[in-house]
Every structure is written in structure tokens, then in C-alpha cells.
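This report describes a single protein chain, beginning with one residue and its contacts before turning to the chain as a whole and to some backbone features.

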Amino acid sequence: MLRSIVQKAGQSLTTTRLATRHFGSTTVKNEIFKVQSIEDFENKVKKSDKVVIVDFFATWCNPCKMLTPRIESIVGEKAGAVKLAKVDIDEHSELALDYDVAAVPVLMAMKGGKVVNRMVGLQDTDKLRAWIEKTVEENK
């Protein structure tokens, strides 16, 4: 919406136009989350009716830092067909031990409480996308 403000300065007339901005927001269901506890893992990962990619990472791991934007971008593209759970192995070492995570990064795909696919190490975006698409397609 534009408004005009007219000011008279002596004999001259000056017009200034001000723009008013309106911001809208929509609620986006977040399909990417950090696991906070074992109970959180049970409820959000093991009991999920969708495929959940579990990203086992460490804050000190440089390949993990490089993998994060790649995997988050691909999960975002999938528009709710898959979720991403991030598990910090230093905070949740018991989960890392339970799922035989010996090195990071490790990506595990889970559905119905079972591991359906696994990938170890830093991967390029195309390989990650193909892996996720295949995993989701096989586990609909």
C-alpha cells in the first residue's frame, strides 16, 4: 500500500511516497530434528510411519559438517516423504553403540523401528539423492 505525504515548503510542493510492507508467514512442518534423548529417538524415529534418515555425526567431524547441508537440502526436496534425525554421537554414545557406529558420518535409513539401509562416509549430493530416493521407494 502506498501513501502520499504532501509537504509545503515555502512556495514549492514536495511529494514523498512511502511503501508499507506486509509480511506473511506459513507454518512449515519441520522434518529435520536433533534427537534429544533415547525416548525422543524411540518416539520420533522408531515409531515413525515414514522413512527416517538417521545422521550420526560429531561436532568436531569436518566430513559431517560438509554432509549436513547436502542431506538437509535433499530431505527438504522430498516434501515430507522422509524425515531426518540428527544424532550427536558424543551426546548419545549409547545410540551409536547400539547401531554399531564406529566412524562418522553414518547415515541409516529406518522404518518401523528397523534399519533398512546404511551409508558410511561423506558422499556427493547426487549419490545421496539416489540413495534416499531408492530407500524411500523400496519402503513405501
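## Lysine 34 and its surroundings

In this predicted model, lysine 34 touches Asp40, Phe57, Lys86, Asp88 and Glu91, when residues up to four places away in sequence are not counted. With one of these residues, glutamate 91, the contact is polar, and a distance of 3.3 Å is found between the two side chains. Another of the residues touched is Lys86; lysine 34 and lysine 86 are 52 residues apart in sequence, yet their C-alpha atoms are 4.6 Å apart in space.

Lysine 34 lies in strand 3, which covers residues 32-34. Its relative accessibility is 34%, and because partly exposed residues are those between the limits of 20% and 50%, lysine 34 counts as partly exposed.

## The chain as a whole

The protein chain contains 4 helices and 7 strands, and their order along the sequence follows the pattern β-β-β-α-β-α-β-α-β-β-α. Of the contacts between residues at least 6 apart in sequence, 62% join residues that are at least 24 apart; the contact between lysine 34 and Lys86, with 52 residues separating the two in sequence, can be read against that background.

Buried residues account for 36% of the 140 residues in the protein chain. The accessible surface of the chain comes to about 8,800 Å², and carbon and sulfur atoms contribute 52% of that surface.

## Backbone features in the loops

Two residues other than glycine have a positive phi, and each is described here with its place in the chain. Alanine 79, with a phi of about 45 degrees, lies in the loop between helix 2 (62-77) and strand 5 (82-88). The relative accessible area of alanine 79 is 69%, so this residue counts as exposed.

Aspartate 100, where phi is near 50 degrees, is found in the loop between helix 3 and strand 6. Its relative accessibility of 62% is the reason why aspartate 100 is also classed as exposed.

The loop between helix 3 (93-98) and strand 6 (106-111) is also the place of proline 105. Here the feature concerns the peptide bond rather than phi: the bond from valine 104 to proline 105 is cis, with omega near 0 degrees.

Terms used: Residues numbered from 1 in each chain as written. Predicted model: local features only at pLDDT ≥ 70, side-chain atom pairs only at ≥ 80, totals over all residues. Heavy atoms only, no water. Helix = DSSP H or I, 4+ residues; strand = E, 2+ residues; numbered from the N terminus. Buried < 20%, exposed > 50% of the residue type's maximum accessible area, 1.4 Å probe, protein only. Contact = heavy atoms within 4.5 Å. Areas by Shrake-Rupley, 256 points an atom, 1.4 Å probe, with all protein chains shown as cover. Polar contact = N/O pair within 3.5 Å; in protein donor to acceptor, adjacent residues only side chain to side chain.
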